[in-house]
Amino acid sequence: MILSDFDYERADSLEDAVALLARMGGEARPLAGGTDLLPSIRMDNIRPGMLVSLTAIEPRPPEVLPDGSIRIDALSRLASLENSSLLRNRLPMLAESAHVVGGNQIRQMGTLGGNLCQEIRCLYLDQRHDYQFVAPCYKRGGACCYPFPRNDPDTCWSVYMSDIAPALIALDARIEILGEAGSRSIRAEDLFTGNGLKPVRLSHSELLRAIIVPPARPGFGWGFHKSTVRGGLEFGMAVIAVALRLAEDGKTCADARIVVGAVREGPVRASAAEEALTGKVLDDERLASVAGDASKEINPLPHHGFTRRHLMDNIRVYMKRTLARAVERARSGEHPA
Amino acid sequence: MLDVTTRGAAAKTRSRSRLILLCVNGEWREVAVKPRHTLVEVIRDMIGLTGTKASCESGICGACTVLLDGRPVLSCITLAIECAGKQVRTVEGLAEGGNLSAIQEAFLDQGAVQCGFCTSGMLMSATALLERDPKPTRQDINKALEGNLCRCTGYNAIVDAVLQASEQGVKPVMK
Amino acid sequence: MSELSYVGKSVRRKDGPDKVTGKAVYTQDVKLPNTLIGRILRSPHPHARILRIDTSRAKALPGVKAVITVEDTKGIKHGFVETPRYPPDQEVLARDKVVHVGEEIAAVAAIDHVTAQEALELIEVDYEILPAVFDPEEAMKPGAPEIHRSHPKAPGKHSNIGGSTETEWGDVEKGFAESDYVREDRFECQLRTHGYLEPHVTLAHWESDKLNVWTSSMGVFVKRAKLAKVLDLPYSSVRIHKTYVGGTFGGKIDLYSHEYCASRLSMITGRPVQIVASREEIFSAYRHAQPLILEIKTGVKKDGSIVAQRIRAINNAGAYRGSGVVVIFLAWGFTMAPYRIPNLKYEGFSVYTNHTVRAPQRGHGAPKVRFAIESQLDMIAEAIGVDPITIRLRNARGPGEQLPNGDNTHRGGLIDCIAMAAEKSDFLNKFGRDRKSPPKGSIRRGIGIGVSAYMGGTLIYPNGSAVIVKMNDDGSAVVLTGAIDIGQGSETVISQIVAEELSIGMDDIKIVSSDTDTTPQDIGAWISGMTYVTGNAARQAAGNAREKLLQVASEKMGAPVENLVLKDKVVYHRLNPELKMSYREVIAASVAAHRGDTIIGEGFWRTMRDEPTHPSLATTKGRWTENYAFSAQVAEVEVDIETGEARLVKALTVHDCGFPINPALVKGQVDGQISMALGHAFMEEVITKDGYTLNPNWLDYRMPTIHNMAISEDADVITEKYQVGQPYRTKEVGEGLISGILAAMGNAVYDATGVRLHSTPFTAEKILNALKAVEYESRRSRRGKTVRA
């Protein structure tokens with residue numbers, strides 16, 4: 001039950017939606033699947049004056065571009081991504097990351113763009129505030145922080161939970177954004193500010209249009225793991241996405257991208273770990289030591305009842321296993337042509 | 001504390017109701033909805049079909065699951081106005097001409113119903129699964145129903161019901 | 001029992017078709033014209049004095065029809081327990097101070113939800129914040145912030161004692177001195193909650209001097225009594241109507257403020273008022289289960305037989321007495337029933353804290369008590385070199401044993417349960433396997449066993465159940481019962497019994513249930529007594545009708561009653577089947593010849609038929625029930641020793657339920673309890689901080705999903721039987737099967753990893769940290785220091 005009122009317009013196209021959003025000057029929000037937006041409105045965390053519905057805009061199915069990249073429409077429902085045979089064959093990590101989001105109904109409703117633009121999460125934020133945590137925190141435009149009372153007003157140690165973002169960053173994807181001035185293209189990782197107060201770098205009149213993933217090169221292998229307590233339905237304790245390439249000798253790492261999500265205000269690249277792997281032979285010992293260092297480098301925030309120590313332990317073990325799986329896949333030549 | 005007048009004035013301009021047409025269980029219905037009305041409110045309160053349940057109102061437990069153009073969705077976080085012109089199926093639409101569907105019979109045969117509050121949502125998720133995949137594996141079933149919480153049955157009987165309904169060798173337990 | 005046609009068969013649920021078609025009416029599905037929406041104003045502070053409440057701006061808001069505070073009530077208190085020692089202590093709305101976050105302060109009735117929300121925001125309350133206390137051991141200390149005055153009869157000089165239980169027999173100190181091995185341990189269990197899918201909802205309509213109420217509950221007669229009391233109305237002016245109920249698990253028994261508020265607001269406005277609790281309110285302001293601290297010292301002989309046990313239980317009761325004083329009594333009961341304990345000293349305290357009030361949750365303390373005792377028993381067994389099965393068989397009570405409170409185990413099948421569980425699970429072959437020879441990789445499997453006893457249908461208001469079987473003149477019957485179906489299948493079981501006693505079909509029976517005006521009283525669905533108590537009342541009622549049928553048939557057919565048999569709505573002469581009368585004919589004859597007797601059968605039952613009342617909660621003196629159920633459960637778990645993640649792989653439940661009236665319904669209860677237990681064991685916890693609930697939703701309160709369920713097998717040890725015309729004893733299966741499996745999971749985690757946890761839940765973090773500690777200790781001991789596991 002939603003108690004605050006808002007107006008509603010349906011856009012015929014993304015350009016139309018952008019124009020509507022621009023005209024409303026920040027008072028309007030785009031509505032795709034609504035699985036993140038509507039709970040926020042229900043909890044009275046935001047009170048948009050208008051929702052601009054994207055429901056009439058039909059997304060194009062994933063397609064292969066002339067240069068071998070794969071283009072995925074931002075309005076694609078997550079269920080269509082997990083079930084797409086193109087993605088399962090050519091971008092299995094992306095299909096897998098869509099597959100682990102929420103529960104089935106959430107995947108049927110939610111879109112790729114919505115998943116990337118989701119708000120950060122914090123136990124104190126994600127509830128109605130009728131009698132608990134009534135005074136707004138910094139995130140809600142107020143003057144305190146409940147979990148970390150000594151934080152400054154510009155610091156919001158909440159966590160960004162998208163399961164798909166780490167996969168896209170690991171795959172070196174680009175994101176096409178449509179705004180009033182037209183389209184622009186950025187690297188996936190540049191979409192995220194790392195600041196819990198405004199985790200996604202989009203103006204009020206910009207929308208994600210498409211995600212473009214470059215073709216995989218020879219020697220490619222991927223690994224993906226989402227840690228949860230129940231094995232489904234939940235947001236992650238930690239999300240680990242690994243994309244690496246073995247050199248021609250099949251043993252040495254040519255390059256690696258390691259991204260961890262759900263443990264900080266944005267997805268985090270374990271750059272030092274990536275460097276520690278590059279040019280080295282990827283044996284068990286190396287993977288274990290890199291994973292150990294990465295868990296410290298990532299510096300997870302305690303969140304949703306998990307302590308920092310335990311998140312580091314979890315990342316350490318699963319990072320190693322995920323790296324090993326990526327190496328296995330790279331060796332077996334599982335990568336798409 | 002909110003100032004009453006401001007809220008009242010703003011509410012008036014935004015509060016315009018619109019007439020929408022929804023096809024619910026094969027019948028076209030015209031309802032007047034405000035943008036903020038959720039599909040579950042419209043189904044239960046305006047149309048009067050109370051088989052769909054409201055439990056958490058936050059899109060987590062799945063009790064409110066209905067089929068929207070064949071897709072299982074959480075009606076508590078779906079705006080009714082978004083569904084204009086669409087096909088909505090609820091639990092009341094599963095039986096045909098007084099005959100229960102295979103999955104409904106299977107739920108009764110397997111003891112998959114106890115308090116019944118999760119049942120409507122479970123049946124809709126299971127129906128959507130079986131329409132897409134006539135022979136789901138246990139893993140497929142778990143993945144399709146992971147968004148439907150049940151506190152009474154411990155789920156095993158529900159999985160058995162889906163296996164029975166899809167004729168995968170599970171025999172009725174209750175007669 | 002092969003001659004039975006309905007009892008013992010897995011017949012389909014009577015309410016099943018309505019539930020799978022969406023036709024079953026739950027409270028929120030009841031629609032009345034002109035209904036107002038009610039909302040409750042809740043305390044934002046865990047402990048504060050109320051200096052001023054001003055509702056004038058709320059009352060003035062257009063669309064608001066009534067606003068109430070405690071000043072608008074009769075000031076009558078209520079409580080879960082209402083005895084001379086524990087008089088009712090809670091008002092329906094806060095007076096003078098609030099003692100927990102979410103406590104009810106005021107209520108509004110408005111034309112719609114938006115207006116109701118606005119109205120709440122217009123109520124002005126000034127508070128003076130008071131120091132608060134959240135930990136029960138802190139709350140007990142002298143000088144702790146006083147939430148309520150300590151109970152005058154509680155021993156010791158502790159603060160904030162809501163109630164206490166003390167009992168002993170034998171001489172524990174002497175017992176410990178005579179023991180060959182003694183150990184002392186402390187166990188703690190987390191705050192967990194019921195998680196029923198249907199929220200709390202109440203619809204109240206005051207019309208023509210009568211209050212009609214629809215509410216999600218566990219017993220309509222308790223509700224009526226409490227509601228009528230606080231409203232100061234005669235019971236006949238309050239009608240609690242039948243609705244289906246979407247799960248309860250103990251969380252919907254006693255009176256809730258919103259039930260009062262909906263009623264009172266309707267009485268003021270003359271319109272129906274509906275109040276629905278949001279899921280957040282349920283998680284943060286309503287009742288949760290009772291976290292227990294248990295300190296146990298046990299002494300045994302070298303063969304494992306228990307000599308002495310001393311137990312101290314501390315319950316974090318929340319801000320009012322609630323059911324805390326019952327759980328500390330029950331904790332004693334769950335200790336003394338399964339095993340012989342020659343010398344016992346038990347002390348329990350229920351302690352006020354500035355948390356939400358507690359309610360029983362399925363098992364009502366048994367899971368926590370059995371977890372503690374069974375874990376310690378395994379530790380003892382290992383120390384003295386006895387296996388977990390042998391030590392349990394050595395101590396388990398057999399049939400016909402007198403219990404310390406004067407009760408008897410009767411045909412208790414615990415020994416058979418343990419033996420069967422051990423055999424079916426191949427326990428002794430699997431036990432210790434991965435510890436002795438660890439397999440490659442990081443997964444370890446372990447097996448554990450847990451034993452429990454539970455009771456059924458003990459005496460608490462309204463103490464007894466009655467059933468009426470109204471024959472229709474075609475031989476079919478309408479059965480009136482106050483029993484409420486919360487999912488356990490009461491309507492089905494009652495129908496089976498009546499069908500069996502009267503030899504009519506399941507389709508010939510319709511149940512009219514749980515309506516305080518039209519059905520006779522019932523004990524309610526909250527002390528596991530339905531099948532035994534209400535079932536026997538139904539049996540007696542059907543038997544009463546059967547006797548009348550036979551009497552009339554006997555006269556008409558000119559044959560003694562002993563020569564007549566009933567079968568499928570026909571009365572036959574045993575020796576000459578050609579001589580027969582249909583029920584239709586018999587009933588017509590009864591109306592014609594027996595002064596119009598239309599054949600109505602009446603029956604009633606209660607436990608403890610020769611005892612006036614329930615035992616003393618404070619001293620445990622007095623008999624409790626004749627109906628003890630026993631079980632042994634085995635858990636097989638898997639633990640990833642690199643991550644600490646553990647899961648239940650397989651559960652085996654061997655239970656003495658007497659005999660199952662409907663085996664599939666029993667299996668359903670078993671499965672549901674396995675699921676609830678594994679949630680308690682591995683993933684559920686209400687996270688609170690300074691009295692606030694941090695995870696008031698199902699994403700962050702991790703109730704099991706379909707992914708988490710394990711293989712669940714069950715087996716019956718049959719110790720009773722059903723005979724038409726005779727009272728029968730079935731034993732409960734709805735609550736007691738969480739305890740053994742919870743304990744078994746703790747023991748299985750130890751078997752898999754060598755890690756012994758003294759608190760639930762067994763989170764990955766706890767297991768991993770304990771594994772690290774074990775690893776550290778073993779490295780230390782390899783360097784020459786001795787360490788006791």
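How many residues does the contact take from chain C and from chain B?

**Exercise 1. Describe the contact of chains C and B.**

Solution. This is a predicted model, in which local features need pLDDT of at least 70, side-chain atom pairs count only at pLDDT 80 or more, and totals for chains, interfaces and linings use all residues. Residues are numbered from 1 along each chain as its sequence is written, while chains are lettered from A and ligands numbered from 1 in the order in which they are written.

Step 1. Chain C gives 48 residues and chain B gives 46 residues; two residues are in contact if their C-beta atoms, placed from the backbone, lie within 7 Å.

Step 2. On the side of chain C that touches chain B, helices H1 (16-20), H3 (113-122) and H18 (663-682) each supply at least two residues. Helices (H or I, at least four residues) and strands (E, at least two) are DSSP runs, numbered from the N terminus. The largest share, 8 residues, comes from H18(C).

Step 3. By class, this side of chain C has 20 nonpolar, 17 polar and 11 charged residues. Here Ala, Val, Leu, Ile, Met, Phe, Trp, Tyr, Cys and Pro count as nonpolar, Asp, Glu, Lys and Arg as charged, and the others, Gly among them, as polar.

**Exercise 2. Work out the strand order and the helix packing of the sheet in chain C that holds E19.**

Solution. Step 1. The order of the 4 strands is E19-E18-E17-E23 in an open sheet of mixed pairing; two strands pair if DSSP finds at least two bridges between them.

Step 2. At the edges are E19 (509-513) and E23 (600-605) of chain C, each pairing on one side only.

Step 3. Strand E18 (residues 477-481) of chain C pairs with E19(C) in the parallel sense over 5 bridges. C:Ala477 stands opposite C:Ile509 in E19(C).

Step 4. Helix H15 (residues 490-502) of chain C packs on the sheet and touches E17 (465-471), E18 and E19 of chain C. The direction of H15 makes about 135° with that of E19(C); axes are lines fitted to C-alpha atoms, for helices over the stretch in contact, and angles run from 0 to 180 degrees between N-to-C directions.

**Exercise 3. Check the radius of gyration of chain A against the globule rule.**

Solution. Step 1. The radius is taken over C-alpha atoms, and the rule is 2.2 Å times the number of residues to the power 0.38.

Step 2. For 337 residues a compact globule would have a radius of gyration near 20 Å; chain A has 20 Å, which agrees.

Step 3. Along the principal axes, the C-alpha atoms of chain A fill a box of roughly 60 × 50 × 35 Å.
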